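Visitor: Could you take a close look at one pairing for me, and then show me how its surroundings fit into the rest of the model? I would also like to know where to trust the picture and where to be careful.

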Amino acid sequence: MNMPFYVAPEQIMKDRADYARKGIARGKSLVAVTYRDGILLCAENVSNTLRKISEIYDRIAFAGVGKYNEFDQLRIAGVRHADLKGYAYSRQDVEARSLANQYAQILGQIFTHEMKPMEVEILVAEISDEAGTEQLFHILYDGTVNDESRWSVLGGEAEAISERLGDLHDADLDAAAALRAAVDALAGPERTLVADDLEVATLDRTLGRRCFRRLGIAEVDALLGQPRAASGEAPDGAAE
Amino acid sequence: MSLPLLRSLPTFGAGEDPGPSFTGLLAAAGLPADIGRPDAAGQGDLSGVAHGTTVVALRHRDGVVMAGDRRATAGNLISHRSIEKVYPAGRHAGVAIAGAAGPSMEMVRLFQLQLEHYEKVEGQPLSLDGQANQLSQMVRANLTSALRGLLVVPLFAGWDERRQCGRLFQYDVTGGRYEEQDYAAGGSGSLHAGTVVKLGFRPGLEPAAAADLAISALFQAADEDSATGGPDLVRGIFPVVVNIDADGYRRLEDPQVEERFRALLAALDADGGAAQSEGGSGGG
């Protein structure tokens, strides 16, 4: 009879966390920033079809980084959860907090019970009618939930990007300025990102019931084309 | 690796995954969708439930106009004066219902959710043909209830982004789907409403003229059919008129509809339409 080697639980958890973190760090990062009309989400993503940012419900968006098939599975489960809940109760009863808790449960359970943790970091973002009440639930591979209010950064270089965002962000920015801040923070001082490298969407409270809107390449180009200083009177690209 | 099946975050194994279908999801999650369940209608006399009546749809130069009156009747009584029978479905289509009000509204709600759910799960909207087909399946699933008196007969119209034109579909209780080239009408006043549209229809109508024609059709149907509600100037209740084109689904504001109705009434008055309606009510 051969006994398995004893491995301390701390070591097991550490190994799993390292594994997940490494997987996540291999991918590109994503930021979500609040702005005048809601929340703007911007990801570095060269693919035009495999999305990192998507719609969950009227006022709720989902974003994920890491392994695509894993966070996409979570995205679909979230859409199902939200639509079922809205059907069984009412549309206003669907909220990000409960969805974030569900995600945390599931990620935590997989982290402790399965062989392999999920190599993902996800974000559940929600807006309401009033400015300043945006909610950003940032959920890690092990089920840790962080409730952030002004911006959120997902992915490998989160700390550096977050630091850069701190200097650039202001909740009163318009869509163009918010996008500029997000892109500059993602790119850092040495790189320039163009519309082709980006996936951008907004949760915009001026849009009526379904607030989620994806911005096309041409639109992102137009927003990025504006000079940085002219954020005050810039035409609001999100409110067409 | 599959997610553990948690009750509140629905996840499925490869075999029982409902895909982008919301009704499939409802079934898989154990929530009953009453539409189409044979026992949903139960036993007994259901002629007393509220019925919605007349709806019309017609194509115009830029898309489609749909309109529906606001009355629901239960037998001889008016049960509601301001129900709505025309609803958005997806971003570029609308559905208008005639028949038993309760099941109709539930069907519309499920249909709307089905389209939105598909769009979110798949990442792109269902084609107009796909939407029309989905509605067909829902109407067919309701057949057993329809035979017990809970009839649901919708009209479906929308802007087809692939063909770049407005299209409209008529249904029968068996889920039969018939694409119409020019116009369609449904409900108890459909004979009169349909005739008015038929006489006034020309290919390539201006959107405004199409809206006027739909309004006129509902007015004439209300004149002949007791279950169809006309414009209610006292309470300020007017038919729902919507325009669907490349920009999407847009409902005309009530003041706009009122203005068009008043113009129609003025025109009828000038044509001696008053004499005609006197003749109509002379039998009482």
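**From one residue pair outwards**

Guide: M66(B) stands opposite V242(B), which belongs to strand 12 of chain B. Before we go on, please keep in mind that this is a predicted model.

That pair is part of a longer match: strand 3 (residues 63-68) and strand 12 (residues 240-245) of chain B run antiparallel and are joined by six bridges. Zooming out, these two strands sit in an open sheet of five strands, with antiparallel pairing and the order 11-2-3-12-13 in chain B. Strand 11 (183-186) and strand 13 (248-251) of chain B are the edges, since each of them pairs on one side only. On average, neighbouring strands of this sheet are turned by 15° against each other, with direction ignored.

What lies across the sheet? Helix 6 (residues 207-224) of chain B lies across strand 2 (55-60), strand 3 and strand 12 of chain B. Its direction makes an angle of about 160° with strand 2 of chain B. The two strands that carry our starting pair are therefore among those that helix 6 of chain B crosses.

Elsewhere in chain B there is a backbone detail you may like to check. Q164(B) is not a glycine, yet it has a positive phi of about 55°. You will find Q164(B) in the loop between strand 8 (152-160) and strand 9 (165-171) of chain B. Is Q164(B) buried or exposed? It counts as exposed, because it has 8 C-beta neighbours inside 10 Å.

Now for chain A, where a second sheet can be set beside the one in chain B. Five strands of chain A form an open sheet in the order 3-4-5-6-7, and the pairing is antiparallel. Its edge strands are strand 3 and strand 7 (145-148) of chain A, each of which pairs on one side only. Here the average turn between neighbouring strands, direction ignored, is 25°.

Strand 6 (residues 135-139) of chain A is a good place to pause in this sheet. Five bridges tie it to strand 5 of chain A, and the two run antiparallel. Within strand 6 of chain A, Q135(A) has E126(A) opposite, and F137(A) has V124(A) opposite. Strand 6 of chain A also pairs with strand 7 of chain A, again in the antiparallel sense, over four bridges. In that pairing L136(A) stands opposite E148(A). The hairpin formed by strands 6 and 7 of chain A has five residues between the strands, and in it G143(A) takes a positive phi near 95°.

Side chains in a regular strand alternate between the two faces of the sheet. In strand 6 of chain A, Q135(A), F137(A) and I139(A) point one way, while L136(A) and H138(A) point the other way. All of these residues are buried, and strand 6 of chain A is described as mostly covered, with five of its five residues buried.

Chain A as a whole has six helices and 10 strands. Its radius of gyration is 19 Å, close to the 18 Å that the globule rule gives for 240 residues, so chain A is as compact as a globular protein of that length. Of those 240 residues, 48% count as buried.

The two chains also meet. Their contact takes 19 residues from chain A and 17 residues from chain B. On the side of chain A, strand 3 (53-57), helix 2 (68-88) and helix 3 (96-113) each give two or more residues. Helix 2 of chain A gives the most, with 10 residues. By type, this side of chain A divides into seven nonpolar, six polar and six charged residues.

Finally, how far to trust all this. The model scores ipTM 0.88 and pTM 0.88. The mean pLDDT is 86 for chain B, with 88% of its residues at 70 or more. For chain A the mean is 89, and 93% of its residues reach 70 or more. Take care with residues 1-6 of chain B, residues 277-284 of chain B and residues 227-240 of chain A, where pLDDT stays under 50.

Terms used. Residues are numbered from 1 along each chain as its sequence is written. Chains are lettered from A and ligands numbered from 1 in the order in which they are written. This is a predicted model: local features need pLDDT of at least 70, side-chain atom pairs count only at pLDDT 80 or more; totals for chains, interfaces and linings use all residues. The radius of gyration is taken over C-alpha atoms; the globule rule is 2.2 Å times the number of residues to the power 0.38. A residue is buried if 20 or more other C-beta atoms lie within 10 Å of its own, exposed if 12 or fewer, and partly exposed in between; C-beta atoms are placed from the backbone. Two residues are in contact if their C-beta atoms, placed from the backbone, lie within 7 Å. Ala, Val, Leu, Ile, Met, Phe, Trp, Tyr, Cys and Pro count as nonpolar, Asp, Glu, Lys and Arg as charged, and the others, Gly among them, as polar. pLDDT is the predictor's confidence in each residue, from 0 to 100. Two strands pair if DSSP finds at least two bridges between them. Axes are lines fitted to C-alpha atoms, for helices over the stretch in contact, and angles run from 0 to 180 degrees between N-to-C directions.
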